[in-house]
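Take a look at the model below. The text after it goes from one strand pairing outward to the whole chain and its contact with a second chain.

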Amino acid sequence: MLFYVIKRFVQMIIVIAIVATIVFIFVNMLGDPAVLLLPPEASPEELAKARAAMGLDSSPWEQYKLFVVNVLHGDLGNSFVFREPAMKLIFERMPATLEIVVLAMFIAALIAIPLGVYVGAHPNTFVSRSILSLSLLCISMPTFWFGIVLILVFSVQLGWLPSSGRGEVIIVWGMRLSFLTWDGIKHLILPAITLAVQQLATQLRLTRAGMMEVLRQDYIKFAKAKGVSPHDVLYGHALKNALIPVITVYGLEFGGLVVFATITETIFAWPGMGKLLIDSINISDRPVIIAYLMLASMLFVVINFIVDILYTVVDPRIDLR
Amino acid sequence: MKRIFILMLAVAMLVFCGASAMAAPTRAETLVIGTTGDATTIDPHASNSMWSNNITINVFDPLVRKVFDKEGKFTLVPSLATKWEQKSDTIWILTLREGVKFHNGDPFTADDVVFSIKRYKDSTTGGAGFVQPIASALALDTYKVQIRTHAPYAILVLDMADIYISSKKHFEKVGEEGVLKQPVGTGPYKFVEWIKEDHITLDANDKYWGTKPNIKRAIMRPLKNDATRVAALLSGEVDLIYNVPVRDIDRVARGANTEVKAIPGPDVMHINIDVTRQKTPGYKNGKNPFLDPRVREAFAIAIDRDSIIRNVYGGHAYPTGQLPIPGAYGYVESIKPYPYNPEKARQLLKEAGYPNGFEFVWDVPQQRYFNDGPCSQAIAGFLAKVGIKAKLNMIPSNQYLSYINPGDKTTAFYGASGTGKGDIGYWYNRMFYTRDKKEGAGGSNRTHYSNPTVDKLLDEADSTADVKVRKAKLEEVTKILYQDYAIIPIYQYEEPYGLVKGLDFTPRVDAFIFDVNTMQKK
């Protein structure tokens with residue numbers, strides 16, 4: 001186990017180093033940050049001054065060497081735009097994103113797994129077919145469209161829920177959290193639903209496929225013959241084995257939403273991380289882009305690791321070695 | 001089960017120990033503004049970004065304040081400077097307002113003015129442009145400042161409207177980082193908090209030296225997505241929004257509690273073309289066709305501006321034939337948009353030796369300006385009708401300026417010019433002065449325009465201390481550019497604001513659009 005953890009840790013370092021290098025090369029191909037940051041009529045002297053202040057006046061190779069040295073000292077650089085450490089900017093926005101993503105993934109799992117089991121166990125009923133068609137609709141519905149429809153219906157027409165922002169927050173250890181106030185919860189509902197819908201559909205279909213596969217196997221027949229109740233067969237024997245692909249995808253989707261929930265965040269003016277990435281790309285805020293994508297790759301490696309450990313819990317036959 | 005319950009209780013207790021609830025403002029006394037982006041900094045001297053400027057104008061006082069009327073014309077009224085006298089061509093003496101106090105209680109003096117100008121100068125992130133013509137500032141006594149300009153500069157007062165004063169003492173106490181956390185000005189509103197991408201809160205300064213603020217609290221929320229911004233206004237969550245998208249203007253105007261206020265904005269969209277170089281990068285078959293004024297004229301009159309404005313902008317734009325906007329120094333009343341005349345354009349091309357037209361590369365940005373894609377395609381369509389084939393070279397917004405900036409890759413590009421300051425001289429100097437001839441001029445002359453008469457007129461405009469002379473010279477340049485077809489202006493933007501009924505709001509045509517102290521809520 002310990003050896004396994006060390007191995008994964010080394011892998012993580014390698015992945016992050018490669019990602020950082022690739023991203024560093026690519027951000028150098030984006031527009032000139034000085035030109036983007038300064039007003040369009042800025043003089044060449046002003047531009048030169050700005051470039052020097054941002055450390056862009058040396059060759060890319062020199063910049064890369066400096067970047068590596070700084071990273072090894074734990075310094076990912078200051079944002080060109082905000083003149084604050086890039087990591088601080090990302091972490092400031094992280095609680096907001098985690099709130100909607102955790103809620104969305106929770107809603108998705110809560111609905112998708114029981115429905116998936118039902119549809120997998122009774123594939124030919126009318127209800128199952130309706131659920132499946134509906135899930136297809138959910139998968140193919142564009143997020144931005146669905147989010148705006150929700151706003152128009154629930155905020156503008158009905159006036160039940162607020163259209164945007166975080167509402168009243170409570171500050172806990174420096175983190176601003178919405179889910180602890182009623183007003184904040186009202187603000188959370190629409191963005192969380194928008195994020196949940198696609199996840200829900202994907203997980204439902206995965207659970208169904210897994211169930212159909214597992215239910216055909218001999219040990220299920222054996223369990224039924226033994227006289228185990230239909231409910232225990234489905235949820236005790238079958239579901240556990242059907243869950244492996246669901247957990248894998250669940251983990252990856254969770255990571256994906258945390259770092260790339262940009263569209264939903266933009267529609268609901270939710271001050272999360274995803275918006276930061278897009279804004280930084282638009283204005284070539286290189287330190288933030290690099291720090292962000294390094295963090296994203298780290299997150300995925302960690303999530304994969306957790307998923308691997310969960311495998312052994314769900315299916316003891318799987319061995320980490 | 002019991003264990004889990006105790007654990008949850010413990011977590012809940014921890015959470016509430018660390019929690020601190022925020023005081024809720026009353027909605028009726030609060031003005032909530034929906035903007036299209038977040039501020040980049042709250043340091044007034046560090047940048048010239050629109051949404052940072054909108055904190056600046058409320059928290060700080062300028063030396064001179066611009067007051068706008070319903071038509072978008074402005075008058076200059078004394079603010080922190082009560083008097084300004086010109087001692088010589090380059091020396092001005094400002095008399096400052098006495099008895100003004102910063103939000104932290106420090107008295108306002110000449111040292112703060114000198115300090116603020118120096119901070120602008122030292123900015124590497126765009127602030128330096130505000131004080132570019134100023135060479136030095138010197139405190140003569142507690143309430144007198146001497147300002148020296150590099151050269152005679154007639155419109156220093158206009159610049160003074162964009163110079164905001166922060167406290168020197170406060171800066172010395174808290175340093176660069178402290179200023180970024182808590183800006184301290186003399187303005188009608190005090191800074192409360194800035195939660196990035198969420199909101200900025202300002203509270204009324206009850207001890208303000210001027211007109212006491214009517215609105216107790218102002219909150220600015222970045223609502224980047226157009227549909228969200230409109231929805232927030234319609235549902236009553238915000239009171240005022242910037243930039244109502246064209247497709248929603250009718251809806252907001254017809255709303256039960258909402259209305260639209262629209263005025264012509266400071267930006268003029270135009271096409272810059274290379275009219276100077278013999279070989280130009282965007283044309284493959286030899287000599288640059290735009291050297292011939294007849295080709296330029298054909299280009300200018302082939303475009304049906306009215307149709308573009310009607311079909312692409314739903315009628316919410318204004319055709320124009322010049323870069324300065326009405327009211328700005330350099331604007332010439334008698335210049336009308338180039339008339340649409342495709343037959344004459346075809347005739348002119350034939351005379352110029354291009355009976356079958358020609359093809360050139362036109363650089364356009366993707367989503368840098370509002371509706372730039374559809375607009376440039378419509379223009380290309382009109383050009384194609386007379387035989388000029390514009391090959392659109394679409395460049396991502398964030399690479400666009402870098403691409404056209406050196407000016408060596410581009411033959412023609414799509415751009416916007418702003419005269420929010422009220423004077424076109426700065427733009428003309430950057431865009432039309434011959435390159436590499438004079439320091440500080442011609443820096444953005446991406447199409448290599450070079451005309452000794454224009455250079456001379458601009459020199460004269462910049463070396464007079466008389467506003468009237470400057471105006472006349474700049475108007476002369478506007479006329480030459482028009483007759484030369486040196487640049488093809490298309491239209492002036494409209495700036496539509498959406499607001500709740502009962503809000504007294506006058507739009508400003510400059511880079512500081514939300515002066516909350518001029519607004520009233522009923």
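Which residue is the bridge partner of B:Ile134 in β9(B)? The partner is B:Thr149. The model is a predicted one, and this bridge is a convenient place to start reading it.

The bridge belongs to the pairing of β8(B) with strand β9(B), residues 144-149, which is antiparallel and runs over six bridges. Another bridge between B:Ala137 and B:Ile147 of β9(B) can be picked out. The two strands are joined by a hairpin, with two residues as the link. In a regular strand the side chains alternate between the two faces of the sheet.

The hairpin is part of an open sheet of four strands in chain B, ordered β6-β7-β9-β8 and paired in the antiparallel sense. At the edges lie β6 (81-86) and β8 (134-141) of chain B, each of which pairs on one side only. On average, neighbouring strands of this sheet are turned by 20° against each other, direction ignored.

Helix α3 of chain B, residues 110-122, packs on this sheet and touches β7 (91-96), β8 and β9 of chain B. The direction of α3(B) makes about 165° with that of β8(B). With 13 residues, α3(B) reaches 19 Å from its first C-alpha to its last, close to the 18 Å expected at 1.5 Å a residue.

Which residues of α3(B) are buried? They are B:Ala110, B:Asp112, B:Val113, B:Phe115, B:Ser116, B:Ile117, B:Arg119 and B:Tyr120. An α-helix has 3.6 residues a turn, so residues three or four places apart point the same way. The buried residues of α3(B) pack against β7, β8 and β9 of chain B, and also against β10 (164-165) and α5 (168-181) of chain B.

Further along chain B comes another set of paired strands. Strand β11(B), residues 189-195, runs antiparallel to β12(B), and six bridges join them. One of the bridges pairs B:Glu193 with B:Thr201 of β12(B). The hairpin of β11(B) and β12(B) has three residues between the strands, and in this hairpin B:Glu197 takes a positive phi near 65°. β12(B) also pairs with β13(B), again in the antiparallel sense, over four bridges. Here B:Thr201 has B:Ile219 of β13(B) as its bridge partner. Why is strand β12(B), residues 199-204, described as largely enclosed by the rest of the structure? Five of its six residues are buried, so the description follows.

Taken as a whole, chain B has 15 helices and 22 strands. The radius of gyration of chain B is 26 Å, close to the 24 Å that the globule rule gives for 522 residues, so chain B is as compact as a globular protein of that length. The C-alpha trace of chain B spans about 85 × 70 × 45 Å along its principal axes. Of the 522 residues of chain B, 51% count as buried. Among contacts in chain B between residues at least 6 apart in sequence, 70% join residues at least 24 apart.

Chain B also touches chain A, in a contact that takes 43 residues from chain B and 48 residues from chain A. On the side of chain B, at least two residues each come from α1 (2-18), β1 (19-21), β13 (217-222), α6 (226-234), α12 (397-404) and α13 (425-432). The residues on that side divide into 16 nonpolar, 20 polar and seven charged. β13(B) thus appears twice in this account: as a pairing partner of β12(B) and as one of the elements that supply the contact with chain A.

Conventions: Residues are numbered from 1 along each chain as its sequence is written. Chains are lettered from A and ligands numbered from 1 in the order in which they are written. This is a predicted model: local features need pLDDT of at least 70, side-chain atom pairs count only at pLDDT 80 or more; totals for chains, interfaces and linings use all residues. Two residues are in contact if their C-beta atoms, placed from the backbone, lie within 7 Å. Ala, Val, Leu, Ile, Met, Phe, Trp, Tyr, Cys and Pro count as nonpolar, Asp, Glu, Lys and Arg as charged, and the others, Gly among them, as polar. Two strands pair if DSSP finds at least two bridges between them. Axes are lines fitted to C-alpha atoms, for helices over the stretch in contact, and angles run from 0 to 180 degrees between N-to-C directions. The expected span of a helix is 1.5 Å times one less than its number of residues. A residue is buried if 20 or more other C-beta atoms lie within 10 Å of its own, exposed if 12 or fewer, and partly exposed in between; C-beta atoms are placed from the backbone. The radius of gyration is taken over C-alpha atoms; the globule rule is 2.2 Å times the number of residues to the power 0.38.
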